[in-house]
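Here are a few exercises to work through with the coordinates open in your viewer. Try each task before you read its solution.

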Amino acid sequence: MWYHRPAINEEFLQSLPNLKVVASSGVGIDHLDLKLLSSYGVKVANTPFIVSTDTADLGMALMLASSRRLVEGHEMAVSPDTEYFPVDWLGVEVSGATLGIVGMGTIGYKVAERAKAFEMKILYHNRNQRKKEEESAIGAVYCKKIDDLLQQADFVLLAVNLTPQTHKLIGKRELELMKPTAILINISRGLVVDQDALVEALQNKVIRAAALDVTYPEPLPRDHPLLKLKNVIITPHIGSATKKTRWVMMEEMAESIEAGLAGLPIPREVL
């Protein structure tokens, strides 16, 4: 499976009675009905670890681009109407700012490692607190309640899996808890954010800006209000989109399929 295609439903499974393995690219499995697949004796594999480095890099890129208004700056610099650069056209600093990471798994932790180099203060919210030595290595402070993180962070970065518990995790209430100067960055799944609430928050300056690698649907309808806002950067779900990583993802998927067909343990099986 690549980009959630083909769609695997009961009709699909009934049409392939000899199917043994489904290998899905990336880490997310929210598009798969694991109980349904298991009922047909089909095993599932994904590529959870190889994507983490590139996705963390993109998270930092989106943070820098949104804070320093790089897209707006590029448009100004190349516009045929630009006669001078205004001296009061300003971004906000990343170095020394407070980063709140929601979801401190492999990707979230790698974002924190990068943020440490920018001397950022790092807060995180996760189902489980990390080990003390892991926290100390990146200077991270655990927030048991997400509200505490939202109220303090200059940047809120989402790196959670999409589950029933994280569906629209960030809605109107959560956005209103954030600082009016804060920037929301989403590198997880579009449905982790209530998009209607986000549009309203950006239009009314409840938060400063958003940088999104994921939306729902993907791509957005061409008349969607998010596409018309200057304080939004949207990229086309490219967290893992580098040549090396995509090549390794393909190799890992092939390895899982070969192992499943040979009756061997699947190296990246989703249990």
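**Warm-up: the annotated span**

The UniProt record, an unreviewed entry, annotates residues 2-270 as "domain: D-isomer specific 2-hydroxyacid dehydrogenase catalytic". Keep in mind that the model is predicted. Across residues 2-270, 36% is helix and 13% is strand, and the end C-alpha atoms sit 16 Å apart.

**Exercise 1**

Classify the aromatic pair by its geometry, then work out whether each ring's residue is buried or partly exposed.

*Solution.*
Step 1: Find the candidates. The structure has one aromatic pair.
Step 2: Get the geometry. The ring centres of Tyr124 and Tyr142 are 5.1 Å apart and the planes make 50 degrees, so you'd call the pair tilted. For reference, stacked needs planes under 30 degrees apart and edge-to-face needs over 60.
Step 3: Place the partners on the chain. Tyr124 belongs to strand β4 (residues 121-125) and Tyr142 to strand β5 (residues 140-142), so the pair, 18 residues apart, links distant parts of the chain.
Step 4: Check accessibility against the 20% cut-off for buried. Tyr124 has a relative accessible area of 1%, so Tyr124 is buried. Tyr142 comes in at 21%, so Tyr142 counts as partly exposed.

**Exercise 2**

Dissect the largest nonpolar core: which residues have the most contacts inside it, and which elements give two or more residues to it?

*Solution.*
Step 1: Pick out the hubs. This core has 31 residues, and the ones with the most contacts inside it are Leu99, Ile101, Val111, Phe155 and Ile185.
Step 2: Map the core onto elements. Two or more residues come from each of α3 (52-67), β3 (98-102), α5 (106-117), β4, β6 (155-158), β7 and β8. The largest share, six residues, is from α3.
Step 3: Zoom in on one hub. Leaving out residues up to four places away in sequence, Ile185 touches Gly59, Leu62, Met63, Phe155, Val156, Leu157, Leu158 and Ala211.
Step 4: Look for a further cluster. Apart from this core there's another one, of 30 residues, including Ile146, Leu175, Leu198 and Leu220.

**Exercise 3**

Describe helix α9: its buried residues, what covers them, and what happens around its ends.

*Solution.*
Step 1: List the buried residues. In α9 (residues 195-203) they are Gln195, Ala197, Leu198, Val199, Ala201 and Leu202.
Step 2: See what packs over them. The cover includes α8 (172-177), β7 (183-186), β8 (209-212) and β9 (232-234).
Step 3: Inspect the N-terminal end. Asp194 caps it, with a side-chain oxygen 3.2 Å from the backbone nitrogen of Asp196.
Step 4: Look past the helix. Lys205 follows α9 and has a positive phi, near 60 degrees.

How values were computed:
Residues numbered from 1 in each chain as written. Predicted model: local features only at pLDDT ≥ 70, side-chain atom pairs only at ≥ 80, totals over all residues. Heavy atoms only, no water. UniProt positions renumbered as here; feature names shortened; annotations may be inferred. Helix = DSSP H or I, 4+ residues; strand = E, 2+ residues; numbered from the N terminus. Buried < 20%, exposed > 50% of the residue type's maximum accessible area, 1.4 Å probe, protein only. Contact = heavy atoms within 4.5 Å. Polar contact = N/O pair within 3.5 Å; in protein donor to acceptor, adjacent residues only side chain to side chain. Phe/Tyr/Trp six-rings, centres within 6.5 Å; stacked < 30°, edge-to-face > 60°. Core = buried A, V, L, I, M, F, W, Y, C linked by side-chain atoms within 4.5 Å.
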